[in-house]
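The following paragraphs guide a new reader through the structure shown below. Please keep it in view while reading.

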Amino acid sequence: MNTVAILLSAFVLSFVALLAFVWSQRTGLFDRSSRGAEVIFAPREIGRIEEPAATAAEQGSLQQAIDAASGASSTHAESDELVDRARADASTGPLVFFFFCCAIVWLLVASAAGLVSSIKLHEPDWLVGQAWLTFGRIRTIHLNAVAYGWAPMAGLGIAMFVIPRLLKTPLLGSRFAFAGAVLWNAALIAGLGSIAAGISDGLEWLEIPWQIGALFAVGGALIGLPLVFTLVNRKVDHLYVSVWYMACALFWLPVLFVVAKTPGLHHGVQQAAMNWWFGHNVLGLFYTPLALASVYYFLPKVIGRPIQSYNLSLLGFWGLAFFYGQVGGHHLIGGPVPEWMITLSIVQSMMMIIPVAAFTVNQYQTLQGRLSALRFSPTLRFIGVGGLMYTASSVQGSFEALRSINAVTHFTHYTVAHAHLGLYGFVSFVFFGAIYFTMPRITAREWPFPWLITAHFWLVSAGFAVYFASLTTAGWLQGQAMLDAARPFMDSVTVTLPWLKGRSVGGAMMVAGHLAFAAHFVLMVLNAGPQREKPALFRRPFGRIVENEAAG
Amino acid sequence: MNNEIKLVSGAMVMLALATSALVVLPYLQVRDTPPLPGLKPYSSAELRGREVYIANGCVYCHSQQPRARNFAPDHARGWGRATVAGDYAYDQPHLLGTMRTGPDLMNIGVRQPSEAWHLGHLFQPRAYVPDSIMPSYPFLFELKARADRDDVVVSLPAGLAPAGSVVVARPEAVDLVRYLQSLDRSYPGVAAQ
């Protein structure tokens, strides 16, 4: 087949499709009002903060900062909407809690495996007696515990909490999601066990044997059902930005997974192309939309101000949907795959700057003048840093796809640092923030020790800064040494050693942060620690229900 | 936006486009590329060794895809010519790799054909390459007081074998070395017309 014809037809098809979508969304695109952005607020709630993770004093300071910025004093929202929201929260509570418990267990498993892998890279004779602890297996356990454990459990838990709120409808059929989550976690335990035992399908991101993969597919479908039921039976007309991202992520993942895992379908070099179509899309079309949806919901909610430009959100969403799916080929630059495919991926990688810029400008404009809110809101601190890391990792990724830069960074630790900037700096930070917001709402308890949230934030932020700076430097030096034919290959190894040790130090700080987070979570669940007054916004709606019933 | 059907179908069309570009077209174009004339199918021992390579995650540090000379000095390092689709006709799953914490292995069988070297290197890489950060794989070997008749004894540099015992390669190690020895793409990269 003529490659130019293929490339051309792909481009033409793509553009026709994109134009069709812009046309179909035109009522939204040219709508100058921001009604779409205001659906997350009850009438008269704009200007009112919601930050259940903060102490009462912090909530007061936060409200003052917002009032000062908007030049108005806060109002009280109409209570009917808040009752709806409280009902939506109540319908999801136990389910979301279950997802978060799983997420935190996997976070700890993944942290331990990650730290062991990191240390092994500079202490190669450490823990070599057991096959399951060898670098190639424990590193893979780390990746899979993050990719199929922590990230989806946290992200789907947040989606379970946010979607009923956005649709103003209690979650329908949550027992399906319970069953699905149990199946999913059972599959993950089996999958990690297989990897430890040396049974692997052998493809990066897809190591878990396909027989177990089938369980993920069934579990994932069961988890998705309640969200579809709720979407179809919703009480609101308008779908908020976060719903677009979350709903599409839930439809994208099964296609990716089933196409990738079907046994016998892929072969040789074509399998490599498919491998990176999956590897990049599971990031771009699953974790990223779940995390972006969280930013689009929690950031405006905490500061009580709608997203500034609804049109930019549309551009960001459809841009991501269109460009992100086609960037995977940049993992094979210089490899034996068709050249047109790599070129296509490089072009689309650069095009990703459009949706990323749309997102960044939008969030910045929303926060503008209210940056002091970061001081008082733990949720916002994590989500703000996470959003910033999205911009950083995406722009870095776009440039990393260019052949001139890729020649240095490909095959080095630089890529690993970049992957962590996306999946940790962005996705995990946003999920941390969202969990801090959500837990008080679903348990009706406050976080007992605010200093632990601060410790978590600074440990993971400082730890990750050390991690990223070390590994990026290591990768760049490694790549330059490898490109210089005059230097022996071993130069590219020895030059990384001090930086690999630095990465372990950063990684250890991140693990310490996760331990603080997990301990705090357990303490909250056990109802330990000083009891303070309950978050005001949570109690009021129920108080009103009781009053209404008494009056009626 | 207020129509969920439009939203989801739009999203699926976007994914379908990406899938056609990165999965379907390569499927049509290169999936069934015939093997190059110089490429031999793997033997049973080599295939078993390939499974050991996969099980222990060698691919996370070793690529199998030398790049073209105008792109990177892979050829100058002795890693071989740039590979083409026909070089991977027997590879299921593919093991192209994305990291070079260690060197590319597409032609390791040409560069280092010695079984003794490979077995010793797997037992303790630092006995051969002093600054290597490759893990040692003691679990692929056994320590015995005396080797049996069929045992593959690993000949190690002086002072490395524990006193009073011999190091014997388990079958996995022997298979793995067979696979590594089979990695040879030194034949021409284009089929003769």
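Which residues does V430(A) touch, not counting residues up to four places away in sequence? In this predicted model, the contacts of V430(A) are A291(A), S294(A), V295(A), F382(A), I383(A), G386(A) and G387(A). V430(A) itself belongs to helix 17 of chain A, which comprises residues 413-443. Its relative accessibility is 0%, and because buried means under 20%, V430(A) counts as buried. Q211(A) provides a point of reference elsewhere in the chain: 219 residues separate it from V430(A) in sequence, and their C-alpha atoms are 32 Å apart in space.

From this single position, attention may turn to the nonpolar interior. The largest nonpolar core contains 209 residues, and those with the most contacts inside it are Y148(A), W150(A), F278(A) and F141(B). Helix 10 of chain A, residues 268-303, supplies the largest share of this core, with 22 residues. Y148(A) illustrates how such a residue is surrounded: beyond its sequence neighbours up to four places away, it touches W184(A), L188(A), W205(A), L206(A), I208(A), F216(A), F257(A), F278(A) and Y287(A). One of these partners, F278(A), is itself among the core residues with the most contacts.

Chain B may be considered next. An unreviewed UniProt entry lists residues 44-184 of this chain as "domain: Cytochrome c". That span is 26% helix and 7% strand, and its end C-alpha atoms lie 17 Å apart.

Finally, the predictor's confidence may be stated. Chain B has a mean pLDDT of 93, with 98% of its residues reaching 70 or more. For the complex, the predictor gives an ipTM of 0.96 and a pTM of 0.93.

Technical notes. Residues numbered from 1 in each chain as written. Chains lettered and ligands numbered in written order. Predicted model: local features only at pLDDT ≥ 70, side-chain atom pairs only at ≥ 80, totals over all residues. Heavy atoms only, no water. Helix = DSSP H or I, 4+ residues; strand = E, 2+ residues; numbered from the N terminus. Buried < 20%, exposed > 50% of the residue type's maximum accessible area, 1.4 Å probe, protein only. Contact = heavy atoms within 4.5 Å. Core = buried A, V, L, I, M, F, W, Y, C linked by side-chain atoms within 4.5 Å. UniProt positions renumbered as here; feature names shortened; annotations may be inferred. pLDDT = per-residue confidence, 0-100.
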